[in-house]
Amino acid sequence: WVVAALLVLRPRYRQVQWVMTGLQVLVGLPLAAALGMKNVVMLSGCGEGERLRHSTRGRWLLWLLRRFADRIIVLNSAMEEELRSLGFGCERLVLLGCEANPDVFRPTGTDERCPLRSRWKIETDAAVIVFCGRLVPGKGLFTLIEAFSLLHLQWPNALLVIAGDGPLAAELHLKVEKAGLGGRVIFEGQLPESSIGEILRLSDIFVLPSQSEGIPAALVEAAAAGLPSVVSDIPGTEIIVDQVHGLRTKAGDSSSIAASLTTLLSDQASRLRMGAAARQLFLSGYTPDKVAEGHERMFRELLHPAQRKGKRVGIVH
């Protein structure tokens, strides 16, 4: 299908953007290059290059990327360093973030939080901590439950909202019940974007205890909502500067996460200051317009000769 699509669309399009690294990339990269098309590849996150290096197909793909990829989109500085160590020149690596919808993900209004909490059946005086994302290995969710158990000893009115679904859901429910936190941890399941926006607006702190990330969309959405974040000290969360937009903790350390949550819950002024700084961070670089500017700049650099000749410029995903 990829081969057919490239051959049919080539007269109208000059660029292909490849997402992830499956068989379609092995087949499509050299064919697109042979057809005179520009190749842009987006990798999934930190460690992807190293993972590819340890398999025969992966090493072949890395060779194809070095030979035929005109640009590789990286999500954080660690990915950039990893690819440079694997022989990719910095001129082909483009650091681009992800955006959030500012109409959906925004700070809570003055009189909005109480009605929202009432609608979601959450106590008005609860200290609400929220996690949004897939319930999968690597997100540090068991560590988060342990951290919340420690926090709950000091903050009995604290409430942890987990929005998302995934293969670990049943195990996480069981862990919560065994910890005696059944009434203080709420699993909301998979939610539409509008509901995620509401959950963020009624919350006090966003938490992301992952062991590995690219640049998590949920973190950008939390920043857009004006929430301070407690995040693992990993490359994928580097947009959060410690003590500026939130607090950084040691990955996998439940005591560190609990201590950071306690710090923010104990200091409303700092919490509000960091939340406001996170909102400004979002406005400065992660709105749809800002992210689109970065992509368009990359496309213009690649396709400038085609633009000079008056050719149509398009993108095939």
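Trainee: What makes helix 10 stand out in the lining of the largest pocket?

Mentor: Its share. In this predicted model, helix 10 gives three residues, the largest share of that lining.

Trainee: Which elements give two or more residues to the lining of the largest pocket?

Mentor: They are helix 3 (48–53), strand 5 (127–132), helix 9 (193–201) and helix 10 (217–224).

Trainee: Why are R134 and K139 called lining residues of the largest pocket?

Mentor: A lining residue has an atom within 4 Å of a pocket point. The largest pocket has 33 such residues. R134, K139, E213, P216 and A217 lie nearest its centre. So R134 and K139 count as lining.

Trainee: How much space lies in the largest pocket?

Mentor: About 700 Å³.

Trainee: How do the lining residues of the largest pocket divide by class?

Mentor: Into 16 nonpolar, 10 polar and seven charged. Arg and Lys count as charged, so R134 and K139 belong to the charged class. Pro and Ala count as nonpolar, so P216 and A217 belong there.

Trainee: How much space lies in the second largest pocket?

Mentor: About 410 Å³. Its lining has 23 residues, and R113, S203, D204, R271 and L272 are the closest to its centre.

Trainee: Which helix supplies the largest share of the lining of the second largest pocket?

Mentor: Helix 12, with six residues. Helix 12 (268–285) and helix 9 each supply at least two.

Trainee: What classes make up the lining of the second largest pocket?

Mentor: There are 11 nonpolar, six polar and six charged residues. Asp counts as charged, so D204 is in the charged class.

Key: Residues are numbered from 1 along each chain as its sequence is written. This is a predicted model: local features need pLDDT of at least 70, side-chain atom pairs count only at pLDDT 80 or more; totals for chains, interfaces and linings use all residues. Side-chain values use heavy atoms; hydrogens and water are left out. On a 1 Å grid over the protein atoms alone, a cavity is a set of points where a 1.4 Å probe fits but cannot get out, and a pocket is an open set with protein on both sides within 12 Å along at least five of seven lines; lining residues have an atom within 4 Å of a point. Grid points are joined across faces, edges and corners, and a volume is the space filled by probe spheres set on the points. Helices (H or I, at least four residues) and strands (E, at least two) are DSSP runs, numbered from the N terminus.
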